[in-house]
Amino acid sequence: MIQRCTRLLFALALAFLAAPVFADEASGKTDPVDQLAWQVGPTTAKVGSQATLQVPKGYRFLDSANSHKLEEIMHNPPSEGELYTLAPDDLHWIALLSFDAIGYVKDDEKLDADALLKSVQEGTEASNEERRKRGWGAIHATGWSFKPQYDPQSHRLEWAIIGENEQTKGKTINYNTRLLGRHGVMNLVVLADPETLTASINEFKGLLPGYDFNDGERYAQFKAGDHVAEIGLAALVTGGAAAIAAKKGLFATIGIALVKFWKLLLVGFAAAGAAIKRFFSRDKS
């Protein structure tokens, strides 16, 4: 679970940092992103063997092979397993989709936003020790852009957290969605310019009704004997170790796994600023 989350979030960070690799259209050079085998809407895209996604006109989709090629273009270390990409035609935001086969996640857990934020901040401060050793600016999780929210009807969990660079005071928002299924969770991470993030998230959320788990994969189709995940909703927010620590009240002794998780997550916070603006200000003419 932690490894899958970190892969997606690390992809977010590296996407920001990779902005300069895109070709300058004004120079007449071919943009490698445009050369990928995009499935252009309207179309029905397969998201692995678990689900389908209705891609409307004005949007495009990459299968797993091409999503991994996109990682290479972004200079992002390749992810293990399947990865999918959804984006509007002008690429002013990108959503990464990846399924985590952890089993059926029970959704009867009450989310304590204050306790979860405390766990997040403890892990963040622990990771800052390593950042300082490397000469990087410390990053602080300053609060929720919006608190973790779970919709029992759609079985969707979403949250957004604010990060701030200690040196530059630059801020960015990390937006995540988790869609619960019978055999695991679909992870979705949205990459967007912080200045247009709210509008991009709303646009992205408008497409979620077009996502559907395949027959036999839906959350409501759980049967006795199916594998039940060892973690609950809180762990989907914090990466596993933090939720366990929160339940036990061990905020001061969160393990090494959590430190590593937040070290990777907050690279995304550190990468915000000029790089992300270059990434999302490509000439669309």
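Q: In this predicted model, over how many bridges do strand β3 and β11 pair?
A: Strand β3 covers residues 51-55. Its pairing with β11 is antiparallel. One bridge partner of this pair is known by name: Thr52 sits opposite Asp212 in β11. The number of bridges between β3 and β11 is three.

Q: Which strands stand at the edges of the open sheet that contains β3?
A: The sheet has three strands in the order β2-β3-β11, with antiparallel pairing. An edge strand has a single partner, so one side of it is left without a neighbour in the sheet. That description fits two strands: β2 (43-47) and β11 (211-213).

Q: By what angle are neighbouring strands of the β2-β3-β11 sheet turned against each other on average?
A: The sheet is open and its strands pair antiparallel. The angle here ignores strand direction. The average is 25°.

Q: How many residues of helix α2 are buried?
A: Helix α2 spans residues 64-73. Buried means under 20% relative accessible area. The buried residues are Ser64, Asn66, Ser67, His68, Leu70, Glu71 and Ile73. Of the 10 residues in α2, the buried count is seven.

Q: Which strands are included in what covers the buried residues of α2?
A: The helix is mostly covered. Its buried residues include Leu70 and Ile73. The cover includes two strands, β4 (59-62) and β5 (84-88).

Q: Which residue caps the N-terminal end of α2?
A: The cap comes from a side-chain oxygen. That oxygen lies 3.4 Å from the backbone nitrogen of Ala65. The capping residue is Asp63.

Q: Which residue is the bridge partner of Trp144 in β8?
A: Strand β7 (residues 139-151) and strand β8 (residues 156-165) run antiparallel. Nine bridges join them. In β8, the partner of Trp144 is Ile161.

Q: Which residue takes a positive phi in the hairpin of β7 and β8?
A: The hairpin has four residues between the strands. The phi in question is near 55°. The residue is His155.

Q: How many residues apart in sequence are the parts tied together by Arg60 and Asp89?
A: The two form a salt bridge, with the closest N and O atoms 3.5 Å apart. Arg60 lies in strand β4, and Asp89 in the loop between β5 and β6 (93-100). The pair therefore ties together parts separated in sequence by 29 residues.

Q: Is Glu158, the salt-bridge partner of Lys205, buried or exposed?
A: Lys205 and Glu158 have their closest N and O atoms 3.5 Å apart. Lys205 lies in helix α4 (residues 197-205) and Glu158 in strand β8, so the pair ties together parts 47 residues apart in sequence. Lys205 has 25% relative accessibility and counts as partly exposed. At 7% relative accessibility, Glu158 counts as buried.

Q: What is the N to O distance in the salt bridge of Asp226 and Arg182?
A: Asp226 is in the loop between β11 and α5 (233-238), and Arg182 is in the loop between β9 (171-180) and β10 (185-192). Asp226 has 17% relative accessibility and counts as buried. Arg182, at 13%, also counts as buried. Their side chains meet at 2.7 Å.

Q: Which residues do salt bridges that share partners join into one network?
A: The whole structure holds seven salt bridges. One of them pairs Arg60 with Asp89. Shared partners extend the group, and the network consists of Asp34, Arg60 and Asp89.

Key
Residues are numbered from 1 along each chain as its sequence is written. This is a predicted model: local features need pLDDT of at least 70, side-chain atom pairs count only at pLDDT 80 or more; totals for chains, interfaces and linings use all residues. Side-chain values use heavy atoms; hydrogens and water are left out. Two strands pair if DSSP finds at least two bridges between them. Axes are lines fitted to C-alpha atoms, for helices over the stretch in contact, and angles run from 0 to 180 degrees between N-to-C directions. Buried means under 20% relative accessible area, exposed over 50%, partly exposed in between (1.4 Å probe, protein chains only). Contact means heavy atoms within 4.5 Å. A polar contact is a pair of N or O atoms within 3.5 Å; within protein, one must be able to donate a hydrogen and the other to accept it, and residues adjacent in sequence count only if both atoms are side-chain atoms. A salt bridge is a side-chain nitrogen of Lys or Arg within 4 Å of a carboxyl oxygen of Asp or Glu.
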